[in-house]
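Me: I have a structure open at the bench and would like to go through its inside spaces, core and strands with you. Could we take it one question at a time?

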Amino acid sequence: MASKCWWQHRASEDYGRIGLGDSDLRPELKRRARSYIYVLMTSFAMIWVGLSIFYGAMFQRSSLVNNINIHVVDLDGGFIGANVTRMVLDMHATPSMPVWQAKTDIHSLEQAKSWVRDHGWGALVINPGASDRLQHALTVGGEYSASDAMTLVESSGRMVIASMLFVQPALIAAAGDVSQRFSAQQVANYQYDKPAQVLGQPNLSALLRPISYTTVDVAPEAFLLAPIMTAFGFLACLLSAVGVMIMWKLTSFSFFIQVRFRDLVLMWITLILGLALLLSLYLSLAFLAFRGPEYNAVALTYTTATFFKIWFTGTAVVLALSLWLFTWFLNMPPIFISLPSVFTVIPNIISCISTFELAPTFYRFMYATPFFNGSRIVQYVVSGAYPTLGRNIGVLVGEIAIMSIALVFSIWLRQMLALRGISDPLGWFRGSMYFQSPVPYYKTDEEHARPRSAKMRNHLLSTENTLSVGRDPLATADDIVISDCAMDSTDLTTGNLGV
């Protein structure tokens, strides 16, 4: 086996070849070196621009947390509600904490849950009757549960990462701080203002720990895959599609030479749609397999409809981006073919893993990215949070329509450039050192057939090389008329020599 793999130099096989140090090869090496350096400089620029966009979205995002609003809702109307509301609103505001606001148009706990699920990030709700229950425990005694005083309502499905990093800690910190301060205040007030009528043994736990909280996640999305499900799921599908589309671009030159334009349009759109359906099917199957055993406890129940919703949402996302990228790939020379991928992938990934409330205003354009709208649909499907289905579906459908129109134009341009000998099978354009097209340049015959200058034409007509029959030496092939002579035995049509 080793002998078969052993390389042996055979001088006869190198006959006629030259070495890299040969002087005849130096001009070509210089041209190649300049071209490769240009490629490296383009790559460096892509790295800096791409990473600048990504890190810019993440830079000092903790200092922008005050763009997120969370609310305190007083359903009690007693001394607990008034004191807790005042304490929460008087908390020292910092850029790294959400801003507390009072919400007064909510009148029940269920209404508060519905509002947070559909519109909000979270709320601290002082439950109705909290003051009456505490007063009863201090004067009459009996059972008392401090956790019935407050409810922390959160919606992790709106944005898992922002909720885990900022909203949940802010709610818990505020509730814990208020509980401790209210307890100290309650004990001090009890010592100096003991109830006049004590009908039974006061509940000491109500005195020492008068209020606490319970937590309710109205749109839970805290299962294991939630933070990365949409971002990396869509990314895996898109990168798989990129490889296939580049292969299509590099191997389809003969189609553009021989196939009609309308058939090319139908073929490419059908192929890209089929590719998007196939890749998104695997995305939905992968989520079904790896969603984890705790999914149904921290998300909506997974059903057959959930499977198909994730599948078709992924199809719309991959289809929109594949149409967009293939539009560029068809007419992009190889040296720049990675540019559209870089500047497409990075903004789409940022839109999934970042919250725009925590990013500079510049990044608001990413609300239009297919990844963002697809992730919002998937998050609503699995959690029910922040329903904006009409807007998200409308954006995706509009992008698919626009990208389809752009692809039609790109197909027309690719075919025109290929038929005229301007672009070669790999995408290099005429004038490039790598250009190699089997199709003749469409201007060659015209440029060499007739001189552009009348003076040059007159000069050629007067030369000694003018044919005796008086035919214009600059005439094209279309101007030549071949007549078959009836006096010979040769037929120009069939080639019959008459023998």
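Me: How do the residues lining the largest pocket divide by class, and which class has 13 residues?
Reply: Happy to help, and please keep in mind that this is a predicted model. The largest pocket holds about 310 Å³ of space, and 17 residues line it. By class, one of the lining residues is charged and three are polar, while the class with 13 residues is nonpolar.

Me: Which helix gives the most to the lining of the largest pocket?
Reply: Three helices, α12, α13 and α15, each supply at least two of the lining residues. Nearest the centre of the pocket you will find L321, W324, F343, T344 and N348. With six residues, the helix that gives the most is α13.

Me: Where does the largest share of the lining of the second largest pocket come from?
Reply: This pocket has about 230 Å³ of space. Of its 18 lining residues, R158, Y367, F372, R376 and Y386 are closest to the centre. Two or more lining residues come from each of α13, α14 and α15. The largest share, four residues, is from α14.

Me: How many charged residues are there in the lining of the second largest pocket?
Reply: Let's go through the lining by class. Seven of the residues are nonpolar and seven are polar. That leaves the charged class, and its count is four.

Me: What is the volume of the largest cavity?
Reply: Turning to closed spaces, the count comes to two cavities of 30 Å³ or more. The largest is lined by M159, V160, I161, A226, P227, T230, C352 and Q379. Six of these residues are nonpolar, two are polar and none is charged. The volume is about 50 Å³.

Me: And which helix gives the most to the lining of the second largest cavity?
Reply: The second largest cavity has a volume of about 40 Å³. Around it sit M229, T230, F234, L283, I310 and V378, five of the lining residues being nonpolar, one polar and none charged. Three of the lining residues come from one helix, α8.

Me: Which helix supplies the largest share of the largest nonpolar core?
Reply: That core has 59 residues, and those with the most contacts inside it are F223, F287, F326, F371 and I411. At least two core residues come from each of α8 (229–251), α9 (253–258), α10 (261–290), α12 (304–331), α13 (339–353), α14 (370–383) and α15 (389–419). The largest share, 14 residues, comes from α12.

Me: Which residues does F223 touch, leaving out those up to four places away in sequence?
Reply: F223 is among the residues with the most contacts inside the largest core. A touch here means heavy atoms within 4.5 Å. On that basis, the partners of F223 are M229, F287, R291, E294, Y295, V298, A299 and V382.

Me: Is strand β3 mostly covered or mostly open, and how many of its residues are buried?
Reply: Strand β3 runs over residues 122–126 and is mostly covered. On one side G122, L124 and I126 are buried, and on the other A123 and V125 are buried too. The count of buried residues in β3 is five of five.

Me: Why do the β3 residues fall into two sets, one on each side?
Reply: The general reason is that side chains in a regular strand alternate between the two faces of the sheet. In β3, one side has G122, L124 and I126. The other side has A123 and V125.

Me: In which sense does β3 pair with β4, parallel or antiparallel?
Reply: Start with the other partner: strand β1 (residues 69–74) and β3 pair in the parallel sense over four bridges, with H71 bridged to A123. For strand β4 (residues 150–154), there are five bridges with β3, and I126 stands opposite M150. The sense of the β3 and β4 pairing is antiparallel.

Me: Last one: what percentage of the protein's residues count as buried?
Reply: The protein has 17 helices and five strands. Among contacts with a separation of 6 or more, 74% join residues 24 or more positions apart. Counting a residue as buried when its relative accessible area is under 20%, the share among the 499 residues is 41%.

Key:
Residues numbered from 1 in each chain as written. Predicted model: local features only at pLDDT ≥ 70, side-chain atom pairs only at ≥ 80, totals over all residues. Heavy atoms only, no water. Core = buried A, V, L, I, M, F, W, Y, C linked by side-chain atoms within 4.5 Å. Buried < 20%, exposed > 50% of the residue type's maximum accessible area, 1.4 Å probe, protein only. 1 Å grid on protein atoms, 1.4 Å probe; cavity = no way out; pocket = protein on both sides within 12 Å on 5 of 7 lines; lining within 4 Å. Points joined across faces, edges and corners; volume = space filled by probe spheres on them. Nonpolar A, V, L, I, M, F, W, Y, C, P; charged D, E, K, R; others polar. Pairing = 2+ DSSP bridges.
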